[in-house]
Amino acid sequence: MDDRSTSARVLRVRAMLAALPRQMADRERIDEITALQTLIAVASARLARISVDFDGSQRADQRRCGVTAKLVGKGIADQLALARGISPHSASNHLALAKALAEDLPCTFQLWSRGQIDERTAIGVAKQVFCLERADRQVIDRELVSELRGMSAQRAERVAKGAAAHRCPEAIAARARKAPNERRVSIRPTEDMMVYLTALLPVREGVATYAALDRIARELGPTEVRSRGQIMADALLERVSGYPDIDQIPIHISLVMSAASLVGTDSTPGHIAGSVVPAEIARELALRGTAQQTVVVRRLFTDRWTGTVQSIDSRSRTFDGALREFILTRDQVCRTPYCEAPIRHIDHVQSHAKGGPTTALNGQGLCERCNYAKEAPGWKHVITAPEGGMTHTVIITTPTGHTYRSQAPPILDRPSLARSRPQPSRIEHAVEELLGSTLPSTARSPNEVDRVFQ
C-alpha cells in the first residue's frame with residue numbers, strides 16, 4: 001500500500017469518527033468507549049500480524065541477496081521502528097513477542113485479533129512463556145484460552161507465569177539464573193535539573209542495598225531536618241563517590257550556552273547532560289566554583305539563531321578527544337529518528353573506507369544497534385550539507401525505499417521565526433570572539449579547549 005492510499009484510509013476513519021453524534025446519553029458514551037477499546041485491540045493485533053509477515057518477507061529477500069545466515073534479520077525491526085515512530089529496541093521486542101504469539105500461541109492471538117483481550121494481556125502472556133520450548137508454549141496456550149477473557153493484564157501475566165513454572169520448572173529456573181547477567185545502572189534526565197539514577201540488581205543484592213540506605217536514615221537523630229528520602233539519596237552519593245561533602249566532588253561537564261547568556265544579556269537556558277539549565281545557574285557553573293571544588297567546564301557555544309552547536313573538524317581516523325565530545329553534545333542521543341537510546345558509537349555517515357572524512361559534518365552519534373543496522377543491505381545514510389543556519393541533517397533510506405530525515409536537535413531554545421534576527425551587542429560580540437577562540441579545531445589539543453574554574 002502506498003502513502004496516498006494509507007492516508008486516504010486514515011482520513012476515512014477520521015471522518016467516520018467525526019460524524020458520530022456528539023449528543024448522546026452516558027450509557028451510549030460507555031458503549032462507544034467499549035467499542036473503541038475493542039477497535040484498538042483489533043488494530044494492534046493487525047499491526048502485529050503485518051509486522052510478522054513483513055519480517056518473513058524481508059528475511060526471504062535477504063537470503064535471496066546472499067546475506068549470510070548470521071546476518072539475516074538485521075535491520076528489519078529498525079525499519080518497523082521508523083514506520084511506527086518508536087525506538088528500535090521497542091520495535092525489536094514487539095516483533096519477537098508478535099512472532100511468538102502468531103506462531104506459537106494461536107489461541108491467544110485469535111482472542112487478541114477479535115478484540116476479546118487487549119494488547120497488554122496478549123503481550124504479557126507471551127513474555128511469561130517466551131523462554132519455553134515451542135511445544136510447551138502451545139500446551140499452555142490451549143490451557144489458558146478459556147480463562148483470559150475478562151482477566152486484567154496483570155492477572156493474566158501471573159496466571160501464565162504460574163502455568164509456565166508448573167509446566168517447565170527447569171526453563172524458569174534457567175531464566176532466573178541468567179537474569180543477574182542483565183544487571184546494570186542507567187541514567188535519564190527529568191525535570192528541574194534532576195536525573196533518575198537506576199540500578200537493576202538481583203533481588204537479594206537490591207533488597208540489601210535498599211535496607212542499608214534505609215538503616216542509615218533511621219539511625220540519624222530526631223534533629224535531622226532532611227527527609228528520609230533525602231538522607232538515603234545523600235548516603236548513596238557519598239558511598240559511591242567516596243566524598244563526604246558533595247561540594248568536594250570534581251565535576252567535568254560539557255556546558256552548552258550562548259555568549260549572550262554567559263554575559264547576562266539574555267535569559268536563554270543552557271544545556272548539560274540532557275537537562276535544560278536556567279541561564280542564571282549556567283552562568284554560575286561556567287564562571288564560578290567553590291574553594292573546595294574544581295569545576296572543569298568544556299564550553300560549546302551555539303549559533304544564536306538556530307540553537308545548534310557550531311561545527312569543528314578533525315583529520316583523525318577515529319572520533320576521539322574534543323571532536324568526539326562535540327558530537328556527543330550536538331546529537332545528545334542516537335540520531336536514528338525515535339530511537340532516543342544513549343550514543344555508543346560515533347560513526348562516519350559516509351564510511352571511512354569509501355573516503356568519508358573524520359569530521360563533525362561526516363560524524364553522527366548512534367547506539368550500537370542502529371550503527372550495525374545501517375550496514376545491512378539496502379540501507380543508505382547521506383549527509384545533507386548544512387547551508388547558512390540549517391542544522392546537521394542526514395537522510396536515511398531503508399531497503400523498502402522509504403526515507404527519513406535525521407536532524408541534530410536544537411539544544412537551546414530558538415527564537416521565534418516571526419522575529420527578525422537580533423543583532424548582538426558589542427559586548428556579546430566581543431565575548432563570542434574571545435570564547436569562540438577556545439572551541440576545538442584541528443590545530444588545538446583538547447587540553448587547550450578545557451578551562452578550569454576554581
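Modeller: Helices (H or I, at least four residues) and strands (E, at least two) are here DSSP runs, numbered from the N terminus. The structure itself is a predicted model.

Biologist: With those elements in hand, where is the place of Glu340?

Modeller: Glu340 has a phi near 65°, a positive value in a residue other than glycine. With a relative accessibility of 57%, Glu340 is exposed, because the cut-off for that class is over 50%. As to the elements around it, the place of Glu340 is in the loop between H14 and E7.

Biologist: Is Tyr338 buried, partly exposed or exposed?

Modeller: Tyr338 is found in the loop between helix H14 (321-331) and E7, and its phi, near 75°, is positive although the residue is not glycine. Its relative accessible area is 44%, and the class between 20% and 50% is called partly exposed. Tyr338 is therefore partly exposed.

Biologist: Turning to charged pairs, how many salt bridges does a search of the whole structure find?

Modeller: One of the pairs is Asp234 with Arg226, whose closest N and O atoms are 2.8 Å apart. Asp234 is partly exposed at 28% relative accessible area, and Arg226, at 31%, is partly exposed too. Over the whole structure, the number of salt bridges found is 19.

Biologist: In which helix do Arg64 and Asp61 both lie?

Modeller: The side chains of these two residues, Arg64 and Asp61, meet in a salt bridge with an N to O distance of 2.0 Å. Arg64 is exposed, with a relative accessible area of 62%, whereas Asp61 counts as partly exposed at 29%. Three residues, about one turn of the helix, separate Arg64 from Asp61, and both lie in helix H2 (residues 26-64).

Biologist: How many residues apart are Lys374 and Asp347?

Modeller: Lys374 and Asp347 are both buried, and their side chains meet in a salt bridge of 3.1 Å, N to O. The pair links distant parts of the chain, since Lys374 sits in the loop between helix H15 (368-373) and strand E9 (380-384) and Asp347 in strand E7 (residues 345-348). Along the sequence, Lys374 and Asp347 are apart by 27 residues.

Biologist: Which residues does Asn371 touch, not counting those up to four places away in sequence?

Modeller: Asn371 lies in helix H15 and is buried, because its relative accessible area of 11% falls under 20%. Its C-alpha is 9.9 Å from that of Val349, although the two residues are 22 apart in sequence. Beyond its sequence neighbours up to four places away, Asn371 touches His345, Asp347 and Leu366.

Biologist: At roughly what angle do the axes of helix H10 and helix H11 cross?

Modeller: Two packed helices are described by the angle between their axes and the distance between the axes. For helix H10 (residues 203-219) and helix H11 (residues 228-241), the axes come within 9 Å, and the crossing is right-handed. The contact of H10 with H11 has eight nonpolar, no polar and three charged residues, including Tyr210 and Leu213 of H10 and Ile231 and Met232 of H11. The axes of H10 and H11 cross at roughly 120°.

Biologist: In the open sheet of three strands, which are the edge strands?

Modeller: The order of this open sheet is E9-E10-E11, with antiparallel pairing. Each of the edge strands pairs on one side only, and they are E9 and strand E11 (403-407).

Biologist: In E10, what is the bridge partner of His381?

Modeller: E9 and strand E10 (residues 393-397) run antiparallel and are joined by five bridges. In E10, the residue paired with His381 is Ile396.

Biologist: In the hairpin of E1 and E2, what is the positive phi of Asp192?

Modeller: Strand E1 (residues 184-189) and strand E2 (residues 195-200) run antiparallel and are joined by six bridges, with Val185 standing opposite Ala199 in E2. Five residues lie between the two strands of this hairpin, and Asp192 is in the turn. The positive phi of Asp192 is about 55°.

Methods: Residues numbered from 1 in each chain as written. Predicted model: local features only at pLDDT ≥ 70, side-chain atom pairs only at ≥ 80, totals over all residues. Heavy atoms only, no water. Salt bridge = Lys/Arg side-chain N within 4 Å of Asp/Glu carboxyl O. Buried < 20%, exposed > 50% of the residue type's maximum accessible area, 1.4 Å probe, protein only. Axes fitted to C-alpha atoms, helices over the stretch in contact; angles between N-to-C directions. Left-handed = near helix turned anticlockwise from the far one by under 90°. Contact = heavy atoms within 4.5 Å. Nonpolar A, V, L, I, M, F, W, Y, C, P; charged D, E, K, R; others polar. Pairing = 2+ DSSP bridges.
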